[in-house]
Structures are given as structure tokens and as C-alpha cells.
Amino acid sequence: MSGTDAKRRTRGGGRAGAAARRGGAVIEQMPWNPPIMTDPPVAPLTPEGVEAIHDGAMRILEEIGVQFLNKEALGLLREAGCQIDGDIVRMDRHWVMEMIAKAPSEFTLTPRNIDRKITIGGNHLTFGNVSSPPNYWDMAIGTKVPGNRKMCQDLLKLTQYFNCIHFAGGYPVEPVDIHASVRHLDVVYDKLTLTDKVMHAYSLGKERVEDVMEMVRIAGGLTHEEFDASPRMYTNINSTSPLKHDHPMIDGCLRMVRRGQAVVVTPFTLAGAMAPVTMAGAVAQSIAEGLCAIALFQYVRPGAPCAIGTFTSNVDMKTGAPAFGTPEYMRATQMTGQLARFYGLPMRSSGVCAANVPDGQAMWETSNSLWAAVQSGTNMVYHAAGWLEGGLIASPEKFIMDCEILQQIQRYLDPAITGTSPDDIALDAIKAVGNEGHFFGIQHTQDRYTTAFYQPFLSDWKNYEGWEAAGGVWTQERAHRMFKDIVAQFEAPPMDTAVREELEAFVARRKEEGGAPTDF
């Protein structure tokens with residue numbers, strides 16, 4: 001085979017072959033395979049630096065204290081021997097460390113499709129969808145609008161469709177067309193029927209948490225005993241920085257841990273606004289706010305699955321607006337990763353940006369935050385796809401663009417790339433080509449060309465003339481077309497008819513009962 005023929009065959013196999021392998025699918029994507037982190041984490045802190053931040057966090061808990069606006073929590077902490085002054089709780093560091101030592105360093109979450117089980121902790125890395133923006137943007141609408149149920153459903157379809165999304169976080173956009181008293185019932189029904197991945201519950205009042213736990217149990221076809229026996233879902237809470245935990249979030253976590261379900265505690269510490277302007281001070285405060293809640297949960301149920309989260313970033317000191325994906329954000333994430341390993345806790349971080357539309361800024365800020373997650377040894381990446389405007393907008397185009405990065409991270413962590421077997425060293429291939437040939441046509445290349453390198457589903461690798469001849473379509477527009485095709489062809493994962501009917505009956509009954517109380 002000539003060099004020209006080999007080159008032609010390689011190019012054709014890569015593109016036409018990919019189209020053939022896709023069949024009727026919108027894209028050819030990588031298989032479900034939550035990554036294992038093979039590289040050592042980035043550790044910007046010396047051992048003395050880790051100890052200094054730990055000591056700072058312990059002094060915050062011992063000398064300043066954290067406000068708990070939950071009477072049950074205050075009673076439990078008083079019983080545990082903590083110092084209570086009104087609703088301010090001070091904790092002895094030895095007690096805190098004793099409680100934290102009870103938390104597992106790793107746990108599994110098993111959804112209704114057991115093949116979608118994920119491990120949180122150790123070297124495991126998982127990605128979740130954007131969660132909780134009140135607004136939505138796509139290229140067809142062209143402006144920011146309040147979210148509705150159809151928008152939420154479409155984003156849930158993307159959550160299910162992409163294999164690089166491993167868990168379903170909060171609502172991918174708030175469907176404000178559904179009254180808040182019953183919103184959780186409709187959206188969790190949609191989540192459970194449109195996806196088969198790990199579920200989340202908002203800790204916003206006992207009714208919402210109890211309803212979601214029951215719906216997850218029903219969808220899994222589980223008895224109450226089976227549901228309580230191992231983690232099937234999780235909740236994520238934020239402290240009200242600085243140094244405060246509110247009533248409903250602590251209440252929801254207590255309900256979850258008593259039934260063996262997972263809790264993620266993520267302080268929201270914006271340096272310069274809700275935390276000190278220095279990263280070490282902001283991380284110390286964040287660690288203190290996270291550990292005091294986890295210590296409470298371990299006191300209530302030793303061994304309860306818990307993770308510590310970080311949302312430490314900075315504000316724009318000119319405007320006060322939150323900034324994300326900054327150098328300071330990256331370092332704070334890496335620093336928190338060192339502290340999480342120091343405590344033996346799984347860690348959550350985020351894929352975030354401050355950009356208002358899916359443009360260049362959106363992608364470099366998000367890429368910075370996602371790679372900081374990898375570098376820090378994060379186990380659970382929230383908002384990994386679809387986040388805009390500091391969490392105020394969800395976008396399907398941004399979701400798809402982010403998934404291209406997530407797949408690249410997954411491929412980057414594939415140990416096949418760094419293999420050093422005789423086949424990988426390829427001396428026979430090098431000898432065969434010698435000093436004057438090329439590698440396109442040799443058997444070593446032909447045996448591997450379809451899988452040797454990462455194949456993007458969204459990036460366009462044509463030269464300018466080829467791109468222009470094909471219509472000159474920018475990335476956001478390609479993502480928009482892909483979004484429309486995915487939604488149009490989407491097939492929900494299977495669910496037993498009896499299970500679906502039981503879910504529907506539960507939702508109907510809880511709606512008749514009024515759902516969850518609101519003040520409007």
C-alpha cells in the first residue's frame with residue numbers, strides 16, 4: 001500500500017468509519033466508564049501548610065464557633081459535650097477528629113440501574129450535571145429566560161444521554177412553572193423516569209427529603225430494609241457562610257444519614273465577601289464549616305457516608321460579583337483536596353464559570369475548574385456540564401460543549417495512553433519504516449488507527465477552507481444542532497410498568513395532600 005493510499009484509508013476510516021459505527025446515533029461517544037485517577041494529585045501545600053490550615057480550622061471551631069439554627073442539632077451537640085452558647089456551638093478538636101475518623105473514605109451509590117453504580121472516594125472521579133439555576137439560555141431563544149418543566153426535562157435527557165455524566169444532581173434548571181409545593185414531586189418523577197443514574201434530594205424541609213427517599217425506593221423496587229441497607233442517593237448542602245448552618249439543610253441531612261444515605265457538605269466561601277480574602281483563610285473557614293456538620297452526622301450515625309465539598313472562589317473586588325475558574329479557585333480546590341486526604345474524606349468540587357453565554361470565556365473558566373478537580377483528587381464534580389453566569393443559567397449548548405471536555409479528561413486518564421509494553425514501544429514498527437518511510441500504511445498503525453487517539457464528537461478539525469466550505473458553523477451552533485437531535489431521538493431508559501404506576505400513584509397522593517409547605 002502506498003503512503004497516499006494509507007493516508008486516505010486512515011482518514012476515511014476515522015470519519016466515514018465513525019459515522020458507520022454510530023449507526024442511527026447522534027454522536028459516537030465513549031462508553032460508560034467513570035475514570036480512575038492515575039496521576040498523583042497536585043499538592044501546593046507543604047505538610048506544614050496542611051497542618052497550619054488544619055489548626056486554623058480547629059481554632060475556628062474551638063474559639064469562634066459555628067451557628068446552628070437547628071434545635072435538634074443543638075440538642076445532639078450538647079449531648080455530645082460541645083459548648084453551646086445560644087445557637088453558637090464550639091467544638092473540641094479532639095472530639096471533631098474522633099467523629100471525622102468514623103466516616104468512610106469511600107462508599108458506593110447504587111441507583112435503580114445497578115450498572116450505573118458509582119464509587120465516591122479513593123481514586124474514583126465522577127461527573128454530574130448542572131444543578132439549580134433558575135434561568136435557561138439556548139441559541140434558539142437567544143436570551144436568558146426563567147426555567148420551565150420542558151427545559152428541565154430536555155436537560156435531564158442530556159444527563160441520561162451522555163455516558164460521561166455519572167450522576168443526576170439537583171434540578172438542571174428550576175421549573176418555575178411548577179408550584180414550589182409540588183415541584184419536587186414532578187421533577188423527581190421526571191428524573192427517575194428519564195434517567196437511571198444516581199439521584200439527589202434537596203434538603204429543603206422534611207417533606208421534600210422524605211418524599212424523594214420514598215420515590216427513589218419505589219423506583220428501585222426496594223423494600224424499606226433494602227433501601228436503608230446501603231446508599232442509594234445523596235443530598236448536598238451548603239453552609240450559610242460565614243460560619244452558619246441553617247435549619248432545613250441540617251434537618252434533611254439528619255433524615256438522610258439515619259436511613260444510611262449519603263451527605264455532601266459544601267461550604268460556599270467566596271474569598272473577599274463571605275470568607276477572608278486570602279486563600280488559606282478562606283479554605284480554613286470552609287474546612288471548619290464542613291467538618292462541624294460532618295462531625296454531627298457521624299455522632300448521630302457512625303460510619304454514615306459523607307463527603308466534604310469545596311466551593312471556595314473569589315469575588316471581583318471591583319463589582320463584588322462571584323468569579324469562577326480563576327487561578328485562586330484552582331489553588332483553593334487543590335488545597336482543599338490536600339485537607340480532604342488529611343481527614344480521609346471523599347471530596348466534591350465543581351465545574352463552573354462566570355460567563356453569561358457559551359463562549360470562549362465560558363470554556364476556559366470551566367476547563368480551569370474541571371482540571372483543578374482532577375488535580376485535586378476530587379471524587380465528585382458537581383455542575384460539570386451546563387453551568388453559566390455563576391450558576392444562574394443552565395444551557396444545553398454549554399452542557400454539550402462541557403461534555404467534550406469531560407470525555408477528553410476521561411481519555412487523558414486512560415492508562416492505555418501511557419502503556420509501555422513491547423507493542424507500545426513499537427520497535428518492530430520503527431524498524432519496518434526505517435529512515436525513509438512513513439507509518440500510515442504499516443500493520444501496526446492499521447491495527448490501531450481507530451482507537452489510537454481521542455476522537456471528538458463536537459470539535460471540528462477541518463482546516464479553515466474545509467470548515468468554511470461546510471458552512472462555517474461555530475461550536476455553539478454545532479452544539480445546538482446536536483442538542484436538538486439528541487432530544488428528538490431520545491429514548492427513556494426502561495422501567496417496569498408496575499413501578500411506574502406506583503410512582504405515579506405516590507406523586508398523585510402527595511399532591512392531594514399538598515406536597516411540601518411554602519409561605520406563598
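This passage describes the sheets, a helix packing, the internal spaces and two backbone features of a predicted model.

The model contains an open sheet of seven strands, arranged in the order β6-β18-β17-β14-β12-β10-β9 and paired in parallel. Its edges are formed by β6 (residues 126–129) and by β9, each of which pairs on one side only. Between neighbouring strands of this sheet the average turn is 30 degrees, with direction ignored. At the β9 edge, three bridges connect β9 in the parallel sense to strand β10, which spans residues 233–237. Within this pairing, Met199 has Met233 of β10 as its bridge partner.

A further open sheet consists of three strands in the order β13-β15-β16, and its pairing is mixed. Here β13 (270–271) and β16 (322–323) are the edge strands, each with pairing on one side only. Strands β13 and β15 (residues 313–315) run parallel and are joined by two bridges. Ala271 is placed opposite Asn314 of β15.

Helix α10 is related both to the seven-stranded sheet and to a neighbouring helix. It lies across β12 (262–265) and β14 (306–309), and its direction makes an angle of about 170 degrees with β14. Packed helices are described by the angle between their axes and the distance between those axes. For helix α9 (residues 247–258) and helix α10 (residues 279–300), the axes come within 10 Å and cross at roughly 40 degrees. The crossing of α9 past α10 is right-handed. On the α9 side, the contact involves Ile250, Cys253, Leu254, Val257 and Arg258, while α10 contributes Ala293, Leu296, Phe297 and Val300. Classified by residue type, this contact of α9 with α10 comprises eight nonpolar residues, no polar residues and one charged residue. Since Asp, Glu, Lys and Arg are the residues counted as charged, the charged member of the contact is Arg258.

Empty space within the model was examined in terms of cavities and pockets. A search of the whole structure yields one cavity of 30 Å³ or more. The largest cavity holds about 50 Å³ of space. Its lining is made up of Tyr171, His184, Val188, His200, Ala201, Tyr202, Arg208, Val209 and Val212. At least two lining residues are supplied by each of α6 (180–194), β9 (199–201) and α7 (206–219), and the largest share, three residues, comes from α7. By class, the lining of this cavity divides into six nonpolar, two polar and one charged.

The second largest pocket contains about 460 Å³ of space. It is lined by 22 residues, and those nearest its centre are Ser131, Ser132, Tyr202, Asn238 and His383. The lining of this pocket includes 10 nonpolar, 10 polar and two charged residues. Tyr202 thus appears in two linings: that of the largest cavity and that of the second largest pocket.

Two local backbone features are also noted. Ser132, one of the residues nearest the centre of the second largest pocket, has a positive phi of about 85 degrees although it is not a glycine. This residue is located in the loop between β6 and β7 (135–136). The peptide bond from Ser241 to Pro242 is cis, with an omega near 10 degrees. Pro242 belongs to the loop that lies between β10 and β11 (244–245).

Conventions. Residues are numbered from 1 along each chain as its sequence is written. This is a predicted model: local features need pLDDT of at least 70, side-chain atom pairs count only at pLDDT 80 or more; totals for chains, interfaces and linings use all residues. Side-chain values use heavy atoms; hydrogens and water are left out. Two strands pair if DSSP finds at least two bridges between them. Helices (H or I, at least four residues) and strands (E, at least two) are DSSP runs, numbered from the N terminus. Axes are lines fitted to C-alpha atoms, for helices over the stretch in contact, and angles run from 0 to 180 degrees between N-to-C directions. A crossing is left-handed if the near helix is turned anticlockwise from the far one by less than a right angle, and right-handed if clockwise. Contact means heavy atoms within 4.5 Å. On a 1 Å grid over the protein atoms alone, a cavity is a set of points where a 1.4 Å probe fits but cannot get out, and a pocket is an open set with protein on both sides within 12 Å along at least five of seven lines; lining residues have an atom within 4 Å of a point. Grid points are joined across faces, edges and corners, and a volume is the space filled by probe spheres set on the points.
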